[in-house]
Amino acid sequence: MSRVLTALQPSGILHIGNYFGAIEPMVKMQDAGNENFLFAVDYHAITVPQDPEELRKNLLFAAAAYLAAGVDPVKTTLFQQSRVPQHTELAWILNCVTNMGELERMTQYKDKARGKGESVTVGLFSYPVLMAADILLYNTDIVPVGDDQKQHLELARDLAERFNKRFGETFVVPGVQIRKTGARIMALDHPENKMSKSAPSPKGFISLMDDEKTVLKKMKSAVTDSGTVIEYDESRKGLANLMTIYNLVTGKSYEEIAAAYVGKGYGDFKTDLAGHVSAFLAPMQEKISKYLADPEELKRILEEGAEKARGIAEAKMVEVRKVIGVTL
Ligand code: AQP
């Protein structure tokens, strides 16, 4: 049994990239009998401006989505990051062993800071340090994430090793788990960029709550190319991405998909794909709506998880405070 942990930002309504990149792998790890920790990283979300009302809604939505996707709060410790203050406490300590250069190299920071000049927040800059704290607090063995988080995970591993070297064995060096297909679902309108919930246009992502009409519209307007043959070819970025989504929602291989569209064009392919995506989302949407109808129950589940997480996190902080010399 391994300790498995992942987290998602409640920075918008989750999309199918978040689902396939992080939520589904987590449910599989849970069902395989591992000890799971899953949480909504609200303090990460506020590294870019958030409307407080929206943030509250997105937090409850995240909890509802995890549960609807099959997370069992008895087997998985499900909580809200800000309810476990040890995360920010450890982040401060890790800030003091992280070099500026390491953070300056982070591609997510560079992408999100682009064009913002001096107004970029310190929080956005040190985001990966808070993420390292999230992971290291729990002696995490495995972190299932989408491909975009690989660099942040490498930093968490480096910080664990550096800290252990300086202060003695304290942290488990976490392993990364990135799925083979679906670890980087691309934006429908810009297939060279990853699908992102805070993208400027909703055309780029399929949210877990998009209805049939919206999914069809977004699929129909998805950027492809002038080719006529439906086949998997990485250089045809738009089509390759759509075929990946097709594979994920139907379980059909690229060859099977290609065979089904011999002599047919993008029109048929996109319409069918939209239908498959909607059929995949429908049962989850129904469950999400049921969970959202009872916010008090969602809050109760999150608080129960936070209580358990606080116990584990505090035990680790007792060790950390001691080895760095602040415990008298
Ligand atoms: N497009 C994607 N394909 C596969 N996995 C993805 N993930 C994100 N986008 C894709 C994975 O989802 C988990 C949670 O991500 P996050 O919410 O912490 O932040 P993110 O990676 O920055 O995701 P977004 O949707 O792009 O959020 P915003 O727009 O708020 O920055 C992670 O495991 C991530 O890899």
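Trainee: In this predicted model, what share of the 328 residues of the protein counts as buried?

Mentor: A residue counts as buried when its relative accessible area is under 20%, and by that criterion 50% of the 328 residues of the protein are buried. The complementary view is the exposed surface, which for the protein comes to about 15400 Å², with carbon and sulfur atoms supplying 54% of it.

Trainee: Why does a radius of gyration of 21 Å agree with a compact globule?

Mentor: The idea is to compare the value with what chain length alone would suggest: a compact globule of 328 residues would have a radius of gyration near 20 Å, so the 21 Å of the protein agrees with it. Taken along the principal axes, the C-alpha atoms fill a box of roughly 75 × 45 × 40 Å.

Trainee: Among contacts between residues at least 6 apart in sequence, what percentage joins residues at least 24 apart?

Mentor: In the protein that percentage is 75%, within a secondary structure of 14 helices and five strands.

Trainee: How should I read a single helix, and which residues of helix 3 are buried?

Mentor: Begin with the geometry: an α-helix has 3.6 residues a turn, so residues three or four places apart point the same way. Helix 3, covering residues 52–68, reaches 24 Å from its first C-alpha to its last, close to the 24 Å expected at 1.5 Å a residue. Its buried residues include Leu55, Asn58, Leu59 and Ala62, and also the run from Phe61 through Ala62, Ala63, Ala64, Ala65, Tyr66 and Leu67 to Ala68.

Trainee: What follows helix 3?

Mentor: Helix 3 is followed by Gly70, whose phi is positive, near 115 degrees.

How values were computed
Residues numbered from 1 in each chain as written. Predicted model: local features only at pLDDT ≥ 70, side-chain atom pairs only at ≥ 80, totals over all residues. Heavy atoms only, no water. Helix = DSSP H or I, 4+ residues; strand = E, 2+ residues; numbered from the N terminus. Rg over C-alpha atoms; globule rule 2.2 N^0.38 Å. Buried < 20%, exposed > 50% of the residue type's maximum accessible area, 1.4 Å probe, protein only. Contact = heavy atoms within 4.5 Å. Areas by Shrake-Rupley, 256 points an atom, 1.4 Å probe, with all protein chains shown as cover. Expected span 1.5 Å × (residues − 1).
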